[in-house]
Amino acid sequence: MNTRAIALIATLLPGLSQLQAQSTNGQAERVLQSVPIGYIIGSQSRPTSPVLGSFLMSTDRERTSGLLTWQNRLPSADGLIELVRSIGGAAFDEDGAYLEAQANSLMISAAPDAVRQARRNLAYAGEIIARPIRIRVSLYRTSGSVDLPATVSAAALPTVAREAELLWSGSSVTRSGRKVALGRERHTPFIGDVDVEVAQKAKIGDPVVYTLFEGVRVAVEPHSLVSGDELVLLCQYAIGDRRGEIPSRSTGVDNLPSLDAPSLDTVSGSMSARLANGGAMLLCAGGTSEGGSSLVLMVSASFDTQSPAADPDFALVPISALSTESLSARVLAYDQHGRGGDIPPRPDSPFPLGVEERERSTMSADQIVDLSQQILSTRMDEDLASVDVMAGYLVVRGNADDQGRISAMLKQQEDLWLRSVRVRAITGQVAAPSTGITFPVRTSTDQASENLHSISFPALLDRPHFAMRGVETTSIRDYDVEIAQKAQQANPVIEKVFSGILCSVMPRRWGEGLGAELDLNLIDSGGIFRRPLEADYGGDLYLTRPASANFLHDGPVPSSGRIDLGDGPIIRTRTSNWQTRQYVEIGGR
């Protein structure tokens, strides 16, 4: 038996003896009970974030940190002891009174009324903090552009994607403020490059194996709101949809292996929304098949239990939706700081993605405490009320009026800060002549029957969001020649190729209306063209003709809700050329 256990027994023996003697006289004045608290404290697991960056090289330095930050919002045993003491007051200052955590329980020895009150307080805390939230995620395949609402109610869920093909679904239970990850993923190795070594009369080509991400991974962070019937969901997702088997590409160089050239449809980003209990938010990523896969990602959340009745001694009011630091970093298409001292990425390549930390755009827990203390200042001066923070909740000790005043203030802040809108980026197409010149004369106004890209998602105001849809592959854009004495070897230079849309947006309040800070990149690789070997040294080249456009907007959203960003690049499809036109819609629905 360890020293701690011996000390605990020695401490409890006098109380147990006294309890036995008093029970014999029928006048029990102190009881000893064990109250489970392990379920309130919860698990410390930290789910892995979805891939953000190149899906073809998901294990290299381009895999950036998750957009949903890990924050320890779980109560500690000491915090629960302090909560019981602050409410029980003098009952736990008497001789023989006892509070100590042992394993996953709280040992309480005190007068019967004090123990009953402590049990009631802990039960209420458990019903609030450990209230189960069920997260359901479904992925559907559609065709073309899908124009669906960004959020739907529980009643509308069965009809939202009834004509789409269900690819995968998953369910998990968590609690307010605790991130959970769901998915079905596969990490497939492929020969993506070759390292060439040349020394004297020897040379060797060493294959370099990369790993691509395919499948789906979704991280969700739910938050309860004051009403008990609403939630805020923050989400980061990654979907890799491989286009058939991975083909090999010959380099045309002796002693070098063929290189794999996977083609992967990629959809990734973030979204957030304020929902009624049981509601869902929808990511719709669609358009032409040349632009990528057409998918709908549905994320819903519901409480598994009813909101508990109020406790007369104190209230636990959720504040984590207001104070969370998740989705506070802006994702940019280009890393402006280079890659750990290496040369910056080529201007026509969207990877690696850069993550720019931003100042908090919502409230901090300290600010919420300060506001609450100002409201209850008179009551606090008389030691009749107090305000503290525990596990993403505001602990309000006071009467029903005190609790109601704080709840009303927090509801007001939720209505101010936690508003969500729908963001939709649309890349339209108009027929363009196939002349091959940079600025062809426009001879047609015929609209294509399908948008190149249409990607929509919900977004909370004043939080940065990111969305990407496109196709990723590789090319051989150059050869370096390694020479040493009587040996030489061509060394292929591999480039990641991306065609698609990358949208970094932060919708915001703008006076009485809406505004947006927008950084959008539209990229077209122009296809991959083989240039066969024509020299003694070197190999076959697989070249691209990248065309891109960058659109910036930092201002109000027009009353129509649509921002016209102008012309993008001319893209080449299998059948014709198209002049792109870029729009972004921000508003309701």
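This report looks at a negative surface patch and at three residues in nearby-numbered strands of a predicted model.

**The patch.** Six acidic residues are involved here: Asp 195, Glu 197, Asp 206, Asp 478, Asp 480 and Glu 482 form a negative patch on the surface. Two strands, β7 (180-199) and β22 (465-484), each chip in with at least two of these residues. Of the contributors, β22 gives the most, with three residues.

**Three residues up close.** Glu 482, a patch member, sits in strand β22. Asn 491 belongs to strand β23, which covers residues 487-510, and Ile 523 is found in β24, residues 513-524. Here is how they compare for accessibility:

| Residue | Relative accessible area | Class |
|---|---|---|
| Glu 482 | 32% | partly exposed |
| Asn 491 | 13% | buried |
| Ile 523 | 6% | buried |

Buried means under 20% relative accessible area, so Asn 491, at 13%, makes the cut. Ile 523 counts as buried too, because its value is 6%. Glu 482, at 32%, lands in the partly exposed class.

**Who touches Asn 491?** Setting aside neighbours within four places in sequence, Asn 491 is in contact with Val 194, Val 196, Asp 478, Tyr 479, Asp 480 and Glu 482. Among those partners, Asp 478, Asp 480 and Glu 482 are also members of the negative patch. So buried Asn 491 has contacts with patch residues, including Glu 482.

**And Ile 523?** Ile 523 and Gly 500 are 23 residues apart along the chain, yet their C-alpha atoms are separated by 5.3 Å.

Methods
Residues are numbered from 1 along each chain as its sequence is written. This is a predicted model: local features need pLDDT of at least 70, side-chain atom pairs count only at pLDDT 80 or more; totals for chains, interfaces and linings use all residues. Side-chain values use heavy atoms; hydrogens and water are left out. Patches are made of residues with over 30% relative accessible area and no salt bridge: like charges are joined within 9 Å, nonpolar side chains (Val, Leu, Ile, Met, Phe, Trp, Tyr) within 5 Å. Accessible areas come from the Shrake-Rupley method with a 1.4 Å probe; for residues, only the protein chains shown count as cover. A salt bridge is a side-chain nitrogen of Lys or Arg within 4 Å of a carboxyl oxygen of Asp or Glu. Lys and Arg count as positive and Asp and Glu as negative; His and the chain ends are not counted. The place of a charge is taken as NZ of Lys, CZ of Arg, CG of Asp or CD of Glu. Helices (H or I, at least four residues) and strands (E, at least two) are DSSP runs, numbered from the N terminus. Buried means under 20% relative accessible area, exposed over 50%, partly exposed in between (1.4 Å probe, protein chains only). Contact means heavy atoms within 4.5 Å.
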